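Biologist: Hey, got a minute? I'd like to go through a model with you, one small piece at a time.
Modeller: Sure, put it up and ask away.

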Amino acid sequence: MICHFCDTIHEAEPIPEGSRVSCVCCDATLYQNRPASLARVTSFSVTALLLMLVVHTAPFITMDAADLRTKLTLPGAAMTLIEEGSPIVGVGVALFTIVTPFVLSSGLVYVCAPLMFGKSAPGAMTVTRWMNRTEPWNMIEVFLLGVLVSLLKLGHLAELHFGIGFWAFTVLMFCMAAATAAIDRQELWDRLEVANEK
Ligand SMILES: [Zn+2]
């Protein structure tokens with residue numbers, strides 16, 4: 001493992017829970033083993049998956065304009081974009097706000113829940129590699145920001161109400177952030193290697 005600050009090379013070894021490893025030269029934190037990390041990852045990811053059910057079925061935003069009430073769900077919005085001539089944006093919305101968060105949180109549950117009992121799920125290392133690849137593409141906070149900006153602009157044209165889906169989406173954003181921040185990448189690899197050696 002290379003220190004990001006001074007480029008010193010270290011040999012990375014599994015460490016006990018609640019401890020951290022610092023660089024021998026500049027004292028920067030290289031990696032850490034946070035207390036109860038697996039339990040926290042699993043619980044936040046399960047919560048995220050349950051919230052996704054609400055986000056994708058409950059109305060996201062209700063718009064009232066000229067006696068017309070439009071209810072919008074998140075998958076509905078992506079479908080409308082695809083049908084109304086913006087297929088790239090629509091597919092992007094579906095991919096980055098529906099598919100990626102689902103792959104990430106279900107992958108975290110699949111890998112971390114068996115690890116709590118010292119077991120490695122079949123193909124857990126491959127799943128972990130895929131999760132690391134998909135993580136940068138989880139863009140729910142970018143989408144939420146985009147929604148808020150466009151709502152500010154739409155505000156004078158129609159009466160807008162946030163639905164349950166919107167609030168669930170906001171909580172989902174914090175859950176996903178908490179789930180991915182709860183475990184160090186190095187720690188996850190170490191735990192997988194230890195479980196595979198058994
Ligand atoms: Zn260093």
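Biologist: Let's start with Asp27: is it buried or exposed?
Modeller: Keep in mind that this is a predicted model. Asp27 is exposed, because only 12 or fewer other C-beta atoms within 10 Å are allowed for that label, and Asp27 has 10.

Biologist: OK, and where does Asp27 lie?
Modeller: Asp27 is in the loop between strand 1 and strand 2, and strand 2 covers 29-32.

Biologist: What about phi of Asp27?
Modeller: Phi of Asp27 is near 70 degrees, so a positive value, and the residue is not a glycine.

Biologist: Which other residue has a positive phi although it is not a glycine?
Modeller: Asp7 is one of them, with a phi of about 65 degrees. You'll find Asp7 in the segment before strand 1, which spans 20-22.

Biologist: And is Asp7 buried or exposed?
Modeller: Asp7 is exposed, with 10 other C-beta atoms within 10 Å.

Biologist: Switching topic. How many helices and strands does the chain have?
Modeller: There are seven helices and five strands. Starting at the N terminus, the order is β-β-α-β-β-α-α-α-α-β-α-α.

Biologist: What order do the strands have in the open sheet?
Modeller: That open sheet has three strands in the order 4-3-5, and the pairing is antiparallel.

Biologist: Which strands stand at the edges?
Modeller: Strand 4 (68-72) and strand 5 (159-162) do. Each has a single partner strand, so one side of each has no neighbour in the sheet.

Biologist: How are neighbouring strands of this sheet turned against each other?
Modeller: By 15 degrees on average, ignoring direction.

Biologist: What holds strands of a sheet together, generally?
Modeller: They pair through backbone hydrogen bonds, parallel or antiparallel.

Biologist: So how many bridges join strand 3 to strand 5?
Modeller: Four bridges, with strand 3 being residues 61-65 and the two strands running antiparallel. For a spot to look at, Asp64 stands opposite Glu159 in strand 5.

Biologist: Now the whole chain. What radius of gyration does it have?
Modeller: The chain has 21 Å, whereas a compact globule of 198 residues would be near 16 Å. The C-alpha trace spans about 65 × 35 × 30 Å along its principal axes.

Biologist: And what share of the residues is buried?
Modeller: Buried residues make up 20% of the 198.

Biologist: Last one: what part of the contacts comes from residues 24 or more positions apart?
Modeller: They account for 64% of the contacts with a separation of 6 or more.

Notes
Residues numbered from 1 in each chain as written. Predicted model: local features only at pLDDT ≥ 70, side-chain atom pairs only at ≥ 80, totals over all residues. Pairing = 2+ DSSP bridges. Axes fitted to C-alpha atoms, helices over the stretch in contact; angles between N-to-C directions. Rg over C-alpha atoms; globule rule 2.2 N^0.38 Å. Contact = placed C-beta atoms within 7 Å.
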